[in-house]
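Have the structure open in your viewer and follow the selections below in order. Each stop says what to pick and what is there.

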Amino acid sequence: MLKNRSLIEPLDLSQDEMNDLFTMAEKIEAAPMEWHDRQRGKLLATLFFEPSTRTRLSFEAAMQRLGGSCLGFAESGSSSAVKGECLADTIRIVAGYADIIVMRNPKEGAALVASRYSEVPVINAGDGGHHHPTQTLTDLLTIKRLRGKIGDMTVGFCGDLRFGRTVHSLVEALARYSGIRMIFISPQELTVPDYLKSRISRDTENPGYIETDSLDKVLDQLDILYMTRVQKERFFNEEDYIRLKDSYILTPEKMKMAKNDMMILHPLPRVNEISLEVDSDPRAMYFKQARLGMFVRMALLSSILE
Ligand code: NCD
């Protein structure tokens with residue numbers, strides 16, 4: 001289906017291709033054992049130049065649940081990057097060992113560069129503050145599974161909308177569905193980049209977006225609240241981070257203002273922005289979301305390697 005294709009940005013996939021992946025992910029989730037040796041003999045390389053828990057481990061779990069194997073590194077300090085090897089060389093070498101590469105890198109555009117030097121498909125697992133397409137697949141599958149469809153809803157994005165790559169990818173992907181109203185909730189310094197806003201307003205099917213710095217003012221309008229952490233590693237100075245890091249904290253008290261069926265999503269890791277007591281609220285979906293990420297990655301790997 002996606003034979004030998006790389007995935008760098010969410011819009012590399014058409015809506016139909018995404019829907020096919022969601023259907024496949026649901027089939028896998030329903031009967032995982034039927035997929036347990038579909039990728040036997042195939043090798044996935046995970047090259048993580050930045051920290052990760054869910055993305056790397058869910059990709060590795062996905063590959064192993066398909067019967068394939070994994071190799072790679074979880075920090076750039078254990079690769080030849082510390083000796084000064086350039087990305088292009090690392091990629092050319094790894095492409096000679098593995099059948100597919102999943103890479104996370106702190107530089108925006110790194111995945112695109114990698115795909116140009118690689119003879120095997122490259123999946124972007126996060127390039128700086130730019131994109132994170134497989135988190136978007138995870139987020140959309142979660143919405144589809146839990147609401148039945150993607151569309152006709154108000155989605156609030158809250159937190160660091162400037163540096164949060166998962167937000168950038170999800171906003172672009174959601175803008176293609178109809179009836180999506182977006183509310184961007186962030187401090188003035190962390191608003192959504194202008195290039196993204198111009199893309200949404202070009203889309204005539206959608207009522208568009210509004211921006212605010214107050215979660216309280218809009219919480220009762222939301223069908224989905226997408227919380228994010230303030231991206232410490234992308235700040236130029238610690239003072240700004242400390243000033244902004246606790247801008248929004250979702251508590252059980254605040255949740256009283258939300259709709260009874262509002263869904264709370266979070267790409268995780270959570271730092272302080274959702275209090276632990278909210279976890280037992282039936283509207284908290286972020287752990288379920290993380291698990292669905294593994295099934296959609298199984299679908300993606302199968303589809304590219306088939
Ligand atoms: C996100 C990321 O790395 O961009 N994590 C993830 O992959 N689920 C979110 C984050 O780090 O805040």
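Select Pro267 together with the ligand: a polar backbone atom of Pro267 lies 2.9 Å from a nitrogen atom of the ligand. This is a predicted model, so treat each distance as a computed value.

Next, pick Thr55. An N or O atom in the Thr55 side chain is 2.8 Å from an oxygen atom of the ligand. Then move to Arg229, where a polar side-chain atom is 2.7 Å from a ligand oxygen atom.

Now show the surface of the ligand. On its own the ligand exposes 310 Å², and the protein buries 94% of that area. If you display pockets, the ligand is found in the largest pocket.

Widen the selection to the residues around the ligand: Thr55, Arg104, His132, Gln135, Arg165, Thr166, Arg229, Gln231, Pro267, Leu268 and Pro269. Colour this shell by class and you get three nonpolar, five polar and three charged residues.

Last, leave the ligand and select the cysteines Cys70 and Cys86. Are they buried or exposed? Cys70 counts as partly exposed because its relative accessibility is 23%, a value between the 20% and 50% limits. Cys86 is also partly exposed, at 37% relative accessible area. Do not look for a disulfide bridge to display: a search of the whole structure finds zero disulfides.

Terms used
Residues are numbered from 1 along each chain as its sequence is written. This is a predicted model: local features need pLDDT of at least 70, side-chain atom pairs count only at pLDDT 80 or more; totals for chains, interfaces and linings use all residues. Side-chain values use heavy atoms; hydrogens and water are left out. A residue is near a molecule or strand if one of its heavy atoms lies within 4 Å of it. A polar contact is a pair of N or O atoms within 3.5 Å; within protein, one must be able to donate a hydrogen and the other to accept it, and residues adjacent in sequence count only if both atoms are side-chain atoms. Accessible areas come from the Shrake-Rupley method with a 1.4 Å probe; for residues, only the protein chains shown count as cover. On a 1 Å grid over the protein atoms alone, a cavity is a set of points where a 1.4 Å probe fits but cannot get out, and a pocket is an open set with protein on both sides within 12 Å along at least five of seven lines; lining residues have an atom within 4 Å of a point. A molecule sits in a cavity or pocket if more than half of its atoms lie within 2 Å of its grid points. Ala, Val, Leu, Ile, Met, Phe, Trp, Tyr, Cys and Pro count as nonpolar, Asp, Glu, Lys and Arg as charged, and the others, Gly among them, as polar. A disulfide is a pair of cysteine sulfur atoms within 2.5 Å. Buried means under 20% relative accessible area, exposed over 50%, partly exposed in between (1.4 Å probe, protein chains only).
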